[in-house]
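Subject: Handover of a structure and notes on its fold

Dear colleague,

Please find below the structure that I am handing over to you. My notes on it follow directly after.

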Amino acid sequence: MNLTLKIWRQDNAAAAGRFETYPVKDISEDMSFLEMLDVLNEQLQADGIEPIAFDSDCREGICGMCGLMISGMAHGPEVTTTCQLHMRSFTDGDEITVEPWRADAFPVVRDLVVDRSAFDRIIQSGGYISVNTGAAPEAHSQLVPKPQADRAFETAKCIGCGACVAACPNASGMLFLGAKITHLGELPQGQPERDARVVSMVNTHDHEGFGGCTNIGECAAACPKEIPLDVISQLNADFRTARSRH
Ligand code: SF4
Ligand code: FES
């Protein structure tokens, strides 16, 4: 495939950005989107042009580092991460626009790299869970009902990629936050700090500049881990309960 890429270039957080257009040739449909960008960067380096900065780590869909806005869609046209998006999703001659996540809470660092440390600060504000020290407890001493265990596993799949924020017109982080709240809120081990955790994490979410949820649903549609939209209802219910108790 031969493609035309319109890519956001920005020298640093303070600089004005702009789109640059680059042709890229001989792309195999078996390449991932990031491998295609690797090929482009090799071409740029050979031409004496600064390579495009973008984030990646695992390239296996598990670390959440690789988010890009591809032709207006978070992680591109498939429900997957950018590193797991393959070029067979595109056709020869396509023009593809590549941008960083757009959200005040995710400032651009350079080109396609954004600072997602606001997510880390939300998780950090959730604090720890209380456990008794000493020998490891017998595994069956605290039973977890199957529905709660399944729900906790389902929501623990969130990889913190930020696609939900990028896809949301309000740049809300509530799908991410709902996943984090639900995964511990379902388990017995998560109960002692449940109220304090949700209040602190919601406050940090708002303080970091994420928007509120208005039930549009773009977040869940873009989520590569298929976190369900109803975690936001659970988040709101937990928050109301916590505020009514304290
Ligand atoms: S909820 Fe989904 S889209 Fe949002 S950070 Fe988690 S995995 Fe990514
Ligand atoms: S590079 Fe880790 S999820 Fe894409």
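Which strands does helix α1 lie across? Helix α1, residues 33–46, lies across β1, β2 and β3, the last of these being residues 69–70. Relative to β2, helix α1 runs at about 90°. Please keep in mind as you read on that this is a predicted model.

**The two domains**

The protein chain is divided into domain 1, covering 3–109, and domain 2, which consists of 116–129 together with 145–245. Taken over C-alpha atoms, the centres of domain 1 and domain 2 are separated by 28 Å. To the contact between them, domain 1 contributes 17 residues and domain 2 contributes 17 residues. On the side of domain 1 that touches domain 2, there are 9 nonpolar, 6 polar and 2 charged residues.

**The sheet**

The strands are best followed in the order in which they stand in the sheet. This is an open sheet of 5 strands, ordered β2-β1-β5-β3-β4, and its pairing is mixed. The edge strands are β2 (18–24) and β4 (73–74), each of which pairs on one side only. As general background, the strands of a sheet pair through backbone hydrogen bonds, and they may do so in either a parallel or an antiparallel way.

Strand β1, residues 3–9, is joined to β2 by 7 bridges, and these two strands run antiparallel. Within this pair, L3 stands opposite V24 in β2, and K6 stands opposite T21 in β2.

Strand β1 is also joined to strand β5, residues 95–99, by 4 bridges, and here the two strands run parallel. L5 faces I96 in β5 across this pairing, while K6 stands opposite T97 in β5. K6 therefore deserves a second look on screen, as a residue with T21 of β2 opposite and T97 of β5 opposite.Next along the sheet, β5 pairs with β3 in the antiparallel sense, over 2 bridges. In that pairing, M69 stands opposite E99 in β5.

**The helix packing**

Three pairs of helices are described below, beginning with α3 and α5.

The axes of helix α3 (residues 146–156) and helix α5 (residues 174–185) come within 8 Å and cross at roughly 150°. This crossing of α3 and α5 is left-handed. On the α3 side the residues that meet the other helix are R151, A152, T155 and A156, and on the α5 side they are A179, T182 and H183. Sorted by class, the contact of α3 with α5 holds 3 nonpolar, 3 polar and 1 charged residues.

Helix α5 packs against α8 as well, at an angle of about 70° and with the axes 8 Å apart. Why may α5 and α8 be called roughly perpendicular? Angles of 65 to 115 degrees count as roughly perpendicular, and the angle between α5 and α8 is about 70°, so the two helices are roughly perpendicular to each other. The crossing in which α5 passes α8 is left-handed. From α5, the residues M174, L175, L177, G178, A179, I181, T182 and G185 meet V231, I232, Q234, L235 and D238 in α8. The contact of α5 with α8 comprises 8 nonpolar, 4 polar and 1 charged residues.

Helix α8 (residues 231–245) also meets helix α6 (residues 194–207): their axes come within 9 Å and cross at roughly 110°. The helices α6 and α8 are therefore roughly perpendicular to each other. Their crossing is left-handed. Helix α6 makes the contact through R194, D195, V198, V199 and V202, and α8 through D238, F239, A242, R243 and R245. In this contact of α6 with α8 there are 5 nonpolar and 5 charged residues, with no polar ones.

D238 of α8 is named both in the contact with α5 and in the contact with α6. Likewise, A179 and T182 of α5 are named in the contact with α3 and in the contact with α8.

Yours sincerely,
A colleague

Notes. Residues are numbered from 1 along each chain as its sequence is written. Chains are lettered from A and ligands numbered from 1 in the order in which they are written. This is a predicted model: local features need pLDDT of at least 70, side-chain atom pairs count only at pLDDT 80 or more; totals for chains, interfaces and linings use all residues. Domain bounds come from an automatic or database domain assignment. Two residues are in contact if their C-beta atoms, placed from the backbone, lie within 7 Å. Ala, Val, Leu, Ile, Met, Phe, Trp, Tyr, Cys and Pro count as nonpolar, Asp, Glu, Lys and Arg as charged, and the others, Gly among them, as polar. Axes are lines fitted to C-alpha atoms, for helices over the stretch in contact, and angles run from 0 to 180 degrees between N-to-C directions. Angles under 35 degrees count as roughly parallel, over 145 as roughly antiparallel, 65 to 115 as roughly perpendicular and the rest as oblique. A crossing is left-handed if the near helix is turned anticlockwise from the far one by less than a right angle, and right-handed if clockwise. Two strands pair if DSSP finds at least two bridges between them.
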